[in-house]
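Hi everyone, thanks for coming. Let me put the model on the screen, and then I'll talk you through it.

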There are 2 protein chains.
Amino acid sequence: MADERPDWQKIGEEFIQLYYSRFDTGNRSSLGELYYQSAWMTWEGEMFHGKEVIVNKLTTLPFKTIQHNITKQDCQPTPDNCIVVMVMGQLKADNDPVMGFQQVFQLRNELGSWGCSNDMFRLSIHNFGA
Amino acid sequence: MADERPDWQKIGEEFIQLYYSRFDTGNRSSLGELYYQSAWMTWEGEMFHGKEVIVNKLTTLPFKTIQHNITKQDCQPTPDNCIVVMVMGQLKADNDPVMGFQQVFQLRNELGSWGCSNDMFRLSIHNFGA
């Protein structure tokens, strides 16, 4: 049976797989290849603008090992032919306790290839009920 | 002192305030005014396309009262002059326990006014550590 997922769904899911695979194999500097030069990242409320600034933040995060587990990922096409991806999951950094996180990416196509123009990351440590 | 937040930050925050205010005052059908005709919504993984379909889903959600409390909201401008907003918070529906949620909106300007083209909602019930 043919794969009936729309292209934006496939592209979103493949990006997510590639992104966290690079993140978790310790090759964080290679994440830069996934961001556009003028990309934005908001990491725990702090904003970073531009690929070099983003890569510098990602490569200097204060842990050695990390593992992301994705619980849910939702993709949508935008009116500008971009793709928005929302991720929910858990991560374990070094020997810290497992923590929930949420992350959003906007992907766009330029000259035939897809890259990330927008990235927002938050730990979910305040995100559950009383 | 002048307000130094960039416009996209203000627009994002005002949208969030308006959106959840309408949601929580029980006037859910009025949420339709905030979506574009061709908007997408993903609600707990189920996709809805088009304003009428979205409003129908929102107005038939199986609770009478709801209260959202926003913990964090992040805004970013996109290369297409849109705004992406990521929300983290808790909600309480009727007498159910408080639950965490995450939601993402993409806002765009058409003919001078802002509306929502993309919306993704997930309860955070699976989004915390072991």
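I'll start with some ground rules, then go through the sheet, the helices, one strand in detail and how the chains relate.

This is a predicted model, so local features need pLDDT of at least 70 and side-chain atom pairs count only at pLDDT 80 or more, while totals for chains, interfaces and linings use all residues. Residues are numbered from 1 along each chain as its sequence is written, chains are lettered from A and ligands numbered from 1 in the order they are written, and side-chain values use heavy atoms, leaving out hydrogens and water.

Okay, chain B. Helices (H or I, at least four residues) and strands (E, at least two) are DSSP runs numbered from the N terminus, and two strands pair if DSSP finds at least two bridges between them. Chain B has six strands in an open sheet, in the order S2-S1-S6-S5-S4-S3, with mixed pairing. Why do S2 and S3 of chain B each have one side without a neighbour in the sheet? Strand S2 (46-49) and strand S3 (66-77) stand at the edges with a single partner strand each, so one side of each stays free of a neighbour there. From one strand to the next, the twist averages 15 degrees.

Now the helices. For angles, axes are lines fitted to C-alpha atoms, for helices over the stretch in contact (heavy atoms within 4.5 Å), and the angles run from 0 to 180 degrees between N-to-C directions. Helix H1 (residues 7-24) of chain B lies across S1, S3, S4, S5 and S6 of that chain, at about 160 degrees to S3(B). Helix H2 (residues 51-59) of chain B packs on the sheet too, touching S1 and S2 of chain B, and makes about 45 degrees with S1(B).

Over to chain A and strand S5 (residues 99-110). Is S5(A) mostly covered or mostly open? Mostly covered: nine of its twelve residues are buried, meaning under 20% relative accessible area with a 1.4 Å probe, protein chains only. S5(A) runs antiparallel to S4(A), joined by nine bridges, and Ile83(A) stands opposite Leu107(A). With S6(A), S5(A) pairs antiparallel over ten bridges, and here Phe101(A) stands opposite Leu123(A).

Finally, the two chains. Superposed by least squares on C-alpha atoms of residues with pLDDT of at least 70 in both, chain B lies on chain A with an RMSD of 0.0 Å, after a turn of 180 degrees and a shift of 0.0 Å along the axis. That's the relation of a two-fold axis.

Key: Buried < 20%, exposed > 50% of the residue type's maximum accessible area, 1.4 Å probe, protein only.
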